[in-house]
Amino acid sequence: MEERKLLHSFLAKSQKGLPPRRMKDSYIEVLLPLGSQPELREKYLTVQNTIRFGRILEDLDSLGVLICYMHTKIHSAKMSPLSIVTAQVDKIDLCKTSLGPEHDIKFSGHVSWVGKTSMEVKMKMCQLHGDEFCPVLDATFVMVARDSENKGPAFVNPLIPESPEEEELFRQGELNKGRRVAFTSTSLLKMAPSAEERTTIHEMFLNTLDPKTISFRSRVLPPKAMWMENSKLKSLEVCHPQERNIFNRIFGGFLMRKAYELGWATACNFGGSRPFVIAVDDIMFQKPVEVGSLLFLSSQVCFTQDNYMQVRVHSEVASLQNREHTTTNVFHFTFMSEKEVPLVFPRTYGESMLYLDGQRHFNSMSVPVNLRKDYLVEP
């Protein structure tokens, strides 16, 4: 960090002082040679002989940071004066394809939109089948630039689209920003549910009233249903220095992997069969996690429909010096089960809000994936 203090002189005073960049300037392709280097497989292997999706999340986070460093590269400096950090995983959509560990994987991506201090990164992952790479997933990350000591915002190079396709990507980036702002402004933490949502919750409440007593206090579950509070799983991680990044904070990819694996276990325990991830949505990195912190993860199923489960993982930390808990992340995962899963019912008002929030995230997903036997993406 002492060395990084010296890089302050390379920071731009405004965005106008930075040379514009093209999308191809930040384009990167990275090969994960699982097929040609079998010794790598152990790290990515599940007990069912498929690829661990938690490891893929770590790789995407690292690649997103690297892409942004390519976009903001200063040739006269040996080290970048910027600290690039992940602000949000906007969306990850998975295609219908199997992920076997015997075939090479290719990651690619580039910066697709730029604000003053933030960048949107589009990434793709493909896997080799025969002689061609077939799509596996599309990911959109939002990264922010901070100064060399990670204490305040820093300007990034503007982006110039060069073709109609690039102009459409940039326009989509603007729309994504507006959608994120709108989604945040209508959060159930800020605004009351809509009339339709209130009706949904009231109907669910009426469906749990005991017909024998006709009392607001007497609640019974309908057939093939489970109370939301009984879908919870929790875990604790001690944040060791091994998982730190160059800024002496815990690596965001590690947090995503741990949250995903707990979410997968929650979906597995709730649905009673092996779940498959089909979407990752709206992961907000609200606060950094310090080395030495106690990381508390709490996961629960908050919405179900047919074969689908929406799982929410809440992450909070407590330092060793005090016992105050601070929220650092909220993760949203959509899983698909091999068979129809139980309905999940909220019992309290707070759980009702979690249910509606899960429903919103589920409805924002792309067209639901049809259940297929070769859809094998696991923790």
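Start by selecting residues 370-377, where pLDDT stays under 50. The model has 33 contacts beyond four places in sequence for this stretch. This is a predicted model, and the protein chain averages a pLDDT of 85. A score of at least 70 is reached by 92% of the residues.

**The sheet**

Next, show the strands. Ten of them, in an open sheet of 10 strands, follow the order β1-β3-β4-β5-β2-β8-β11-β10-β9-β7, with antiparallel pairing. To find the edges, select β1 (28-32) and β7 (233-238), each of which pairs on one side only. Neighbouring strands of this sheet are turned by 25° against each other on average, direction ignored.

**Pairs of strands**

Select β4 (118-129) and β5 (132-146). These two strands pair in the antiparallel sense over 12 bridges. Within the pair, Cys126 stands opposite Pro135 in β5. Now look at the hairpin of β4 and β5, with 2 residues between the strands. Gly130 in this hairpin takes a positive phi near 70°.

Keep β5 and add β2 (83-94). β2 and β5 run antiparallel and are joined by 10 bridges. Ser83 has Arg146 in β5 as its bridge partner.

Move to residues 308-318, strand β10, and residues 325-336, strand β11. They pair in the antiparallel sense over 11 bridges, and Val313 stands opposite Phe331 in β11.

**Helices on the sheet**

Select residues 164-185, helix α4, which packs on the sheet. Helix α4 touches β2, β3 (105-114), β4, β5 and β8 (276-285). The direction of α4 makes about 80° with that of β3.

Then select helix α7, residues 349-363, which also packs on the sheet. The strands that α7 touches are β8, β9 (294-305), β10 and β11. The direction of α7 makes about 75° with that of β9.

**Helix against helix**

Keep α7 and add helix α5, residues 195-207. How do the axes of α5 and α7 cross? They come within 11 Å and cross at roughly 125°. The two helices are therefore oblique to each other, and α5 passes α7 in a right-handed crossing.

Show side chains for this last stop. From α5, Glu197, Thr200, Ile201 and Met204 meet Ser352, Tyr355, Leu356 and Arg360 in α7. By class, the contact of α5 with α7 has 4 nonpolar, 2 polar and 2 charged residues.

Notes. Residues numbered from 1 in each chain as written. Heavy atoms only, no water. Pairing = 2+ DSSP bridges. Helix = DSSP H or I, 4+ residues; strand = E, 2+ residues; numbered from the N terminus. Axes fitted to C-alpha atoms, helices over the stretch in contact; angles between N-to-C directions. Contact = heavy atoms within 4.5 Å. Parallel < 35°, antiparallel > 145°, perpendicular 65-115°, else oblique. Left-handed = near helix turned anticlockwise from the far one by under 90°. Nonpolar A, V, L, I, M, F, W, Y, C, P; charged D, E, K, R; others polar. pLDDT = per-residue confidence, 0-100.
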